[in-house]
Amino acid sequence: MKKTLALLLTLGLALSVISGSASMASATEAKFVLKLCTEQTDGDPIDDGCDRWAELVSKATDGAVKIQVYPSSQLGAKADLIEMMLMGQNVCTIADGSYLMDYVPDFGVVMGPFLFSEWSAMYQITDSDWWGEVAAQLEEQGLKIISTNWVYGERQLMTRSPVKSLADMKGLKIRVPNNDISVTMFNDLGAASTPMALSEVYTALSQGVVDGVENPLTTLYNNKFQEVCKNVTMTNHQMTFSNFIVGKTFWDKLPPKYQEAIVSCGKEAALYNNDLYQQVSQKMQQALTDEGCTIITLDEAAQAEFKDACVKLYKEYEEKGTWSKGLYDKIQAIINH
């Protein structure tokens with residue numbers, strides 16, 4: 001059995017039928033193995049949530065389904081993992097709207113700047129008919145969302161020099177995720193967007209290759225960026241949540257009872273992650289201060305400057321046909337219903 005699993009690991013398969021007589025297999029032997037890879041570090045709320053998901057699925061299926069969790073991009077970059085799914089390998093990864101928009105463009109709107117300010121809006125969006133429609137379109141592209149509503153966090157700005165106003169952003173090289181929304185948003189804010197893998201940012205900050213990075217406080221802290229970057233500006237420019245996706249071809253091969261167990265346990269694990277995030281995030285400002293960081297809270301006028309500078313992104317994306325006409329208004333109607 002160990003040799004079989006080792007071979008499957010080498011081949012990069014995440015979900016596979018274990019050969020052998022069902023009558024001879026013990027209750028603890030997995031019939032299916034799902035490899036779940038994220039870029040989060042070990043101990044991050046999302047990583048802990050994934051561990052909880054694995055425990056819940058194992059219990060719910062009497063060990064028939066095993067989720068193996070790989071933090072810190074151990075199985076490869078997100079784009080590579082998604083390609084593996086589309087090629088038929090059964091990997092699972094975390095993906096927010098900025099990545100899903102490569103397959104269904106309208107997904108990207110949920111990653112837009114200053115879209116909402118309360119987490120209740122996340123549930124309104126994912127419970128809507130609109131979300132069901134774009135999720136169905138994603139399935140047509142070969143990808144299946146098996147869990148959603150995983151809070152990633154309010155994204156803040158960490159810089160080598162203080163940022164107290166929009167004018168302070170001018171020309172700063174800010175590391176952003178490699179997606180069009182983030183690049184466009186920070187260019188609109190006057191910075192020089194610099195896409196880069198998160199694993200490369202610590203060295204880039206310490207060497208002055210970039211002047212700053214943006215992410216939720218938990219991610220900034222867990223990656224130890226406070227050791228080389230001492231200014232944190234509470235911009236709240238995005239409230240981001242993530243989804244977990246698998247290849248639809250392999251998902252459809254799973255017995256329905258196991259699909260249901262994975263989805264149901266995923267909902268419970270998402271709530272666990274969200275609770276953890278709230279607990280940890282409340283401590284992050286103090287933890288960063290204790291390590292020598294200065295926390296900068298924008299006044300009302302400065303916050304308005306940031307918002308006004310980048311909300312034009314919605315209109316631009318609709319006008320050039322990236323997103324459907326009226327998409328921003330549709331999402332606002334869902335949130336404010």
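Which residue's side chain does the side chain of Lys-144 join through a polar contact? In this predicted model, the partner is Glu-139, and the polar contact between the two side chains spans 3.0 Å. Lys-144 itself sits in strand E4, which covers residues 143-159. Setting aside residues up to four places away in sequence, Lys-144 touches Glu-139 again, plus a set from further along the chain: Phe-244, Ile-245, Val-246, Lys-248 and Trp-251.

Phe-244 turns up once more when the aromatic rings are considered. Searching the whole structure gives 11 aromatic pairs. One of them couples Trp-53 with Phe-244 in an edge-to-face arrangement, with 5.3 Å from centre to centre and 70° between the planes. This pair ties together distant parts of the chain, as its members are 191 residues apart: Trp-53 belongs to helix H2 (residues 45-60), while Phe-244 belongs to strand E8 (residues 231-247). So Phe-244 has Lys-144 of strand E4 as well as Trp-53 of helix H2 among its partners, because contact here means heavy atoms within 4.5 Å and the lysine meets that mark, while the tryptophan is its ring partner.

Helix H2 also packs against helix H11 (residues 256-290), with the two axes 8 Å apart and at an angle of about 150°. An angle over 145° counts as roughly antiparallel, and H2 is therefore roughly antiparallel to H11. The crossing is right-handed. Trp-53 is at work here too: on the H2 side the contact includes Pro-45, Ile-46, Arg-52, Trp-53 and Leu-56, and on the H11 side it includes Ala-261, Cys-265, Tyr-272, Leu-276 and Val-280. Sorted by class, the residues of this contact come out as 14 nonpolar, three polar and three charged.

Just ahead of H2, the loop that follows strand E1 (32-37) holds Thr-41. The C-alpha atoms of Thr-41 and Asn-222 are 7.0 Å apart, although their positions lie 181 residues apart along the chain. Neighbours within four places aside, Thr-41 is in contact with Asn-222 and Asn-223, and also with Asp-47, Pro-71 and Ser-72.

A second helix pair is formed by H7 (residues 180-188) and H13 (residues 312-319), whose axes come within 10 Å and cross at roughly 125°. H7 and H13 are therefore oblique to each other, and their crossing is right-handed. H7 brings Asp-180, Ile-181, Thr-184, Met-185 and Asp-188 to the contact, and H13 brings Lys-312, Leu-313, Glu-316 and Tyr-317. The class breakdown for H7 with H13 is four nonpolar, one polar and four charged residues.

Key
Residues numbered from 1 in each chain as written. Predicted model: local features only at pLDDT ≥ 70, side-chain atom pairs only at ≥ 80, totals over all residues. Heavy atoms only, no water. Axes fitted to C-alpha atoms, helices over the stretch in contact; angles between N-to-C directions. Helix = DSSP H or I, 4+ residues; strand = E, 2+ residues; numbered from the N terminus. Parallel < 35°, antiparallel > 145°, perpendicular 65-115°, else oblique. Left-handed = near helix turned anticlockwise from the far one by under 90°. Nonpolar A, V, L, I, M, F, W, Y, C, P; charged D, E, K, R; others polar. Polar contact = N/O pair within 3.5 Å; in protein donor to acceptor, adjacent residues only side chain to side chain. Phe/Tyr/Trp six-rings, centres within 6.5 Å; stacked < 30°, edge-to-face > 60°.
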